[in-house]
Amino acid sequence: MKSIRTKLKLNNKQKTLLAQHAGYSRWCYNWGLSLWNAAYIDGYKPNPRKLREVFTNHTKPLYPWMKNLSSRVYQYAFLNLGEAFKRFFKGLGKYPKFKKKGRSDSFTIDNCGKPIELNGWSHKLPFIGIVKTYEPIEVTTKKITISRQAGDWYLSCSYEFHPTTTPKKTDVVGVDLGVKTLATLSDGKVFESVRSYRQFEAKLSRLQYLNRHKEIGSANWRAAQRKIARLHRKVANIRQDALHKLTTYLAKNHGRVVIEDLNVRGMLAGQKLAKAIADQGFYEIRRQLKYKCQWYGSELVVVDRFFPSSKTCSNCGHVQDMPLHLRTYDCPDCGVSIDRDLNASINLRNAVGSVVNACG
Ligand SMILES: [Zn+2]
């Protein structure tokens with residue numbers, strides 16, 4: 001099973017409809033929880049099915065507004081409550097709490113057993129109608145959850161995924177993950193750096209500075225916090241998108257992907273580089289490559305971090321010191337002059353079969 005979470009593009013009418021459903025879901029969850037508590041005190045053993053029976057026969061008829069909203073919502077609200085209790089009894093979670101408005105607003109719906117097909121940029125959801133997404137998606141699922149975060153609405157669902165081995169253009173590719181550029185491949189292809197964070201950083205610190213005197217918890221403060229959270233999310237989305245594009249390209253088109261096991265902790269000690277490296281998300285790239293190589297039938301090879309990929313001449317094997325400011329590898333032995341990152345990536349490609357610690 002794979003899962004997807006994507007932002008929805010909505011008009012005000014739709015936002016209201018979603019907020020009503022989230023409110024309905026919260027109402028039912030809280031109603032179910034108070035009934036559960038009361039029943040437990042009286043010596044009964046509640047479960048989601050019993051809650052649903054009481055609700056549909058005795059409670060729902062008293063609230064006409066519920067008729068205008070999807071009846072799938074309360075079914076899932078009770079199921080979620082049941083799951084929360086299950087986790088609690090297993091010692092995996094806290095005792096279920098009442099949900100508060102505005103905090104993790106969400107609801108789940110399905111298509112009464114029929115699959116929901118999400119295809120392209122606009123999607124027909126049961127009861128909710130047509131909604132648009134900011135990215136094209138292609139998923140068939142049984143149920144979807146819609147949730148609000150920092151004022152925006154998101155759709156998430158899980159679906160079955162069948163890995164398929166894709167035809168490979170290249171047998172082995174070496175990938176130098178860098179600071180100046182996100183990735184340099186041994187065939188010369190370059191993925192540019194994700195500058196998103198730096199780009200928004202000034203804006204972010206300005207926002208934080210302007211709001212430093214706002215009273216915590218006030219309406220103004222909340223509005224500002226929402227703005228800040230939205231900016232954070234924007235940065236994260238841009239970055240995540242770039243990393244996914246890179247890792248999908250690598251895993252789909254190459255039989256073996258060779259990267260270096262960077263000693264990120266050691267490098268983070270050098271303060272100047274710290275931010276740039278954290279920005280690039282080495283760990284995230286490695287994490288994504290790990291599962292995508294499995295999906296697309298390629299192999300991820302992580303080369304020992306003591307392998308001198310930057311210091312070695314990829315043409316003749318000569319080794320020399322390469323301080324970080326040197327962007328070109330000039331070899332005094334064979335006379336080759338080559339981009340620093342490209343040189344490193346070719347060394348990584350050639351390293352397969354010699355000094356490697358292969359791992360998944
Ligand atoms: Zn050389």
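Which element gives the most to the lining of the largest pocket? Here are a few notes on this predicted model, beginning with that point.

1. The answer is α5, which contributes 12 residues to the lining of the largest pocket. This helix runs over 219-253, and at least two lining residues also come from each of β1 (2-9), β4 (129-141), β6 (152-159) and α8 (282-295).

2. It is worth placing the pocket in the overall layout. The largest pocket lies between domain 1 (2-159) and domain 2 (170-358), because both of them give residues to its lining.

3. The space in the largest pocket comes to about 1300 Å³. Its lining is made up of 32 residues, and those nearest the centre are Ile4, Arg5, Glu135, Asp241 and His244. By character, the lining splits into 14 charged, 12 nonpolar and 6 polar residues.

4. Now to the metal site. Four cysteine SG atoms, from Cys313, Cys316, Cys331 and Cys334, coordinate the zinc ion at 2.3 Å. Along the sequence, these donor residues follow the spacing C-x2-C-x14-C-x2-C.

5. The geometry around the zinc ion is tetrahedral, because the 4 donor atoms subtend angles of 107 to 112°, and all angles need to lie between 85 and 135 degrees for that label.

6. A last point for when you look at the zinc ligands: are Cys331 and Cys334 buried or partly exposed? Cys331 has a relative accessible area of 6%, so it is buried. Cys334, at 33%, is partly exposed.

Technical notes:
Residues numbered from 1 in each chain as written. Predicted model: local features only at pLDDT ≥ 70, side-chain atom pairs only at ≥ 80, totals over all residues. Heavy atoms only, no water. 1 Å grid on protein atoms, 1.4 Å probe; cavity = no way out; pocket = protein on both sides within 12 Å on 5 of 7 lines; lining within 4 Å. Points joined across faces, edges and corners; volume = space filled by probe spheres on them. Helix = DSSP H or I, 4+ residues; strand = E, 2+ residues; numbered from the N terminus. Nonpolar A, V, L, I, M, F, W, Y, C, P; charged D, E, K, R; others polar. Domains from an automatic or database assignment. Donors = N, O, S within 2.8 Å, 3.2 Å for Na, K, Ca; no water. Tetrahedral: all angles 85-135°; square planar, octahedral: opposite > 155°, others 65-115°. Buried < 20%, exposed > 50% of the residue type's maximum accessible area, 1.4 Å probe, protein only.
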